Amino acid sequence: MKDVIFVRVNKDNMNIIPNIIKIDDEKLLKEDIERFIIDDDNYCFIGMIEGEIVAFLYGYGMLRPDGKAMFYIHSVDVIPEYQNKGIGTRLMEYVLSYIKNEKRYYKFFVLTENDNIKACKLYKKYANKDEQVLFSNKI
C-alpha cells in the first residue's frame, strides 16, 4: 500500500481540504471544518494518500471542573475502499501521539455503539477500561 500522510488540519493548511469531504454516508463541508478548528480545543486530523483524503478523525478537549482536561474522539472514519488496511489504527496512533505530546490532556475517551464491531475492535486496542456503560438518547 502507498504511504499514508497524517496531518492535523489548521488554518494554515486548509488548502489541502476539498470543498466537500465524503466519508461513508457523511459529507463534511470545508467551511464547517474551518469554523470548527477556530477553537484551539477542536481538532481535525486527516489521512491522505497521493492527495486524496482516505481517513478523517475529529475530536475536542473538554475541561473538567477540577481543572483536568480530557480529549474526546468524536469520530474516526476511513473510506470503504481503504478499510481493513490498518489506516484507522495508524490514524489513532498518530492522533494519540500528537495529543500526548501536547501535554494538555490527562486522558482520552471515545464512544461507540456495541454493534459497531470494527470500531469496538479498534478502540479496544487503546483502552485500559471497557466496562463503562453509556446511556444516551436524541434530544
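# A tour from the hairpins to the aromatic cluster

Begin by selecting β5 and β6 and the turn that joins them: five residues separate the two strands of this hairpin, and among the hairpin's residues G67 adopts a positive phi near 95°. Bear in mind from the outset that this is a predicted model.

**The whole chain**

Before going further into the hairpin, colour the protein chain by secondary structure, which comes to three helices and seven strands. Followed along the sequence, these elements give the pattern β-β-β-α-β-β-β-α-β-α. Of the 139 residues in the protein chain, buried residues make up 39%. The protein chain exposes about 9,500 Å², and carbon and sulfur atoms supply 50% of that area. If contacts are drawn between residues at least 6 apart in sequence, 57% of them join residues at least 24 apart.

**The five-stranded sheet**

Now select β1, β4, β5, β6 and β7, which form an open sheet in the order β1-β4-β5-β6-β7, with mixed pairing. The edges of the sheet are held by β1 (5-8) and β7, and because each has a single partner strand, one side of each is left without a neighbour in the sheet. Looking across the sheet, you will find neighbouring strands turned against each other by 25° on average, direction ignored.

Take the pairings in turn, starting at the β1 edge. There β1 and β4 pair in the antiparallel sense over four bridges, and a useful residue to select is R8, whose bridge partner in β4 is F45. Moving on, β4 pairs with strand β5 (residues 52-63), again in the antiparallel sense, over eight bridges; along this pairing, Y43 stands opposite G59 in β5. These two strands, β4 and β5, also form a hairpin with two residues between them, and E50 in its turn has a positive phi of about 50°.

Returning to the hairpin with which the tour opened, β5 and strand β6 (residues 69-78) run antiparallel and are joined by nine bridges. To place this pairing in the viewer, select A55, which stands opposite V78 in β6.

**Two buried asparagines**

Next select N42, which is placed in strand β4. With a relative accessible area of 14%, N42 falls under the 20% cut-off and therefore counts as buried. Leaving aside neighbours within four places in sequence, the residues in contact with N42 are R8, F36, I37, G59 and Y60.

From R8 you can step to N13, which lies in the loop between β1 and β2 (20-23). N13 is buried, with a relative accessible area of 14%. Not counting residues up to four places away in sequence, N13 touches V7 and R8.

**Helix α2 and V95**

Then select V95 in helix α2, a residue that counts as buried because its relative accessibility is 0%. Show its surroundings: residues up to four places away in sequence aside, V95 touches F45, L57 and F71. A distance drawn from V95 to F6, C-alpha to C-alpha, gives 8.7 Å in space, although the two are 89 residues apart in sequence.

**The aromatic rings**

Which residues do ring pairs link into a cluster? Select F6, Y43, F45, F71, Y94, Y98 and Y105 together, and the cluster is on display. In the structure there are 14 aromatic pairs. In the pair of Y43 and Y105, the ring centres are 6.2 Å apart and the planes stand at 70°, so the pair is edge-to-face. This pair links distant parts of the chain, 62 residues apart: Y43 belongs to strand β4 (residues 42-49), whereas Y105 sits in the loop between α2 (87-102) and β7 (107-110). Are these two residues buried or exposed? Both Y43 and Y105 are buried.

For a last stop, select Y106 together with K68. Here K68 lies over the face of the Y106 ring, at 5.0 Å from the ring centre.

Technical notes. Residues numbered from 1 in each chain as written. Predicted model: local features only at pLDDT ≥ 70, side-chain atom pairs only at ≥ 80, totals over all residues. Heavy atoms only, no water. Phe/Tyr/Trp six-rings, centres within 6.5 Å; stacked < 30°, edge-to-face > 60°. Buried < 20%, exposed > 50% of the residue type's maximum accessible area, 1.4 Å probe, protein only. Lys NZ or Arg CZ within 6 Å of the ring centre and 35° of its normal. Contact = heavy atoms within 4.5 Å. Areas by Shrake-Rupley, 256 points an atom, 1.4 Å probe, with all protein chains shown as cover. Pairing = 2+ DSSP bridges. Axes fitted to C-alpha atoms, helices over the stretch in contact; angles between N-to-C directions.
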